[in-house]
Amino acid sequence: LLHANAQFFFPYSMEVLINNFGGVKENGEIHVKETFDTNFTGALHGIYIDIPAAYEMMWEDGSVKDYYFPITNVKVNSNHDYLIENYTDGVQIRLGSEYYYASTNEVYSIEYVLHTKDLDLDGRQMLFYNLISKNWDTYFNKINFRIHLPKEIDENTIVTESPFVAE
């Protein structure tokens, strides 16, 4: 299984539904669906996906705050052997079998609910979410994401940031 020191390339897509299941509520729930369209360059059994629940965020003023966002309702939507393990700092999903190699191209699909909370930002509204967790040791050749918000907002007020610079 791919976790570290293996290389493969794949496009990745994510759909984030904020408070849209069961009515519009502003309770901090984020419903996430992720799809990984893999192209393995070697014989591998599958992938591990780490979903972080613990975040350390550095703000513009240099202050650092720690947050914990519980993860629930983890589901594997693709037809693969899997193991879901809960840890203090998040969830790890093993997709694939220890007994069989994955095909060169596999499509893995998962979903879960991330329970965020008020970040205490003096009235500012902000969604903080890492699209890609830090534990991947591979390359993503394309990332698509769509965010559904619970109510209309002015598109001119949306700002996205990334700590990484695309080359």
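Buried means under 20% relative accessible area, exposed means over 50%, and partly exposed lies in between, with a 1.4 Å probe and protein chains only as cover. The structure is a predicted model, in which local features need pLDDT of at least 70 and side-chain atom pairs count only at pLDDT 80 or more, while totals for chains, interfaces and linings use all residues. Residues are numbered from 1 along each chain as its sequence is written, and side-chain values use heavy atoms, with hydrogens and water left out.

**Exercise 1.** Determine which class of exposure applies to Thr116, and list what Thr116 touches.

*Solution.* Begin with the location: Thr116 sits in the loop between β9 and β10, where strands (E, at least two residues) are DSSP runs numbered from the N terminus. Next, take the accessibility: Thr116 counts as buried because its relative accessibility is 19%. Finally, list the contacts (heavy atoms within 4.5 Å): leaving aside residues up to four places away in sequence, Thr116 touches Asn27, Gly28, Ile30 and Phe69.

**Exercise 2.** Compare Leu114 with Ile147 by strand and by exposure.

*Solution.* Leu114 belongs to strand β9 (residues 105-115), whereas Ile147 belongs to strand β10 (residues 139-148). Leu114 has a relative accessible area of 1% and is therefore buried; Ile147, with 37%, is partly exposed. Leu114 also lies 5.1 Å from Ile30, C-alpha to C-alpha, although 84 residues separate the two in sequence. On the surface, Ile147 joins Ile143, Phe145, Leu149, Ile153 and Ile158 in a nonpolar patch with about 490 Å² of accessible area together. Such a patch is made of residues with over 30% relative accessible area and no salt bridge (a side-chain nitrogen of Lys or Arg within 4 Å of a carboxyl oxygen of Asp or Glu), and its nonpolar side chains (Val, Leu, Ile, Met, Phe, Trp, Tyr) are joined within 5 Å. Accessible areas come from the Shrake-Rupley method with a 1.4 Å probe.

**Exercise 3.** Describe the chain as a whole, and state where its confidence is lowest and highest.

*Solution.* The chain has zero helices and ten strands, and buried residues make up 37% of its 167 residues. The mean pLDDT (the predictor's confidence in each residue, from 0 to 100) is 76, and 69% of the residues reach 70 or more. Confidence is lowest in strand β1 (residues 8-18), at a mean of 55, and highest in strand β6 (residues 71-76), at 96. Over residues 1-9 the pLDDT is below 50, yet this stretch has 41 contacts in the model beyond near neighbours in sequence. Where pLDDT is low, the predicted coordinates should not be read in detail.

Technical notes. Patches are made of residues with over 30% relative accessible area and no salt bridge: like charges are joined within 9 Å, nonpolar side chains (Val, Leu, Ile, Met, Phe, Trp, Tyr) within 5 Å. Helices (H or I, at least four residues) and strands (E, at least two) are DSSP runs, numbered from the N terminus.
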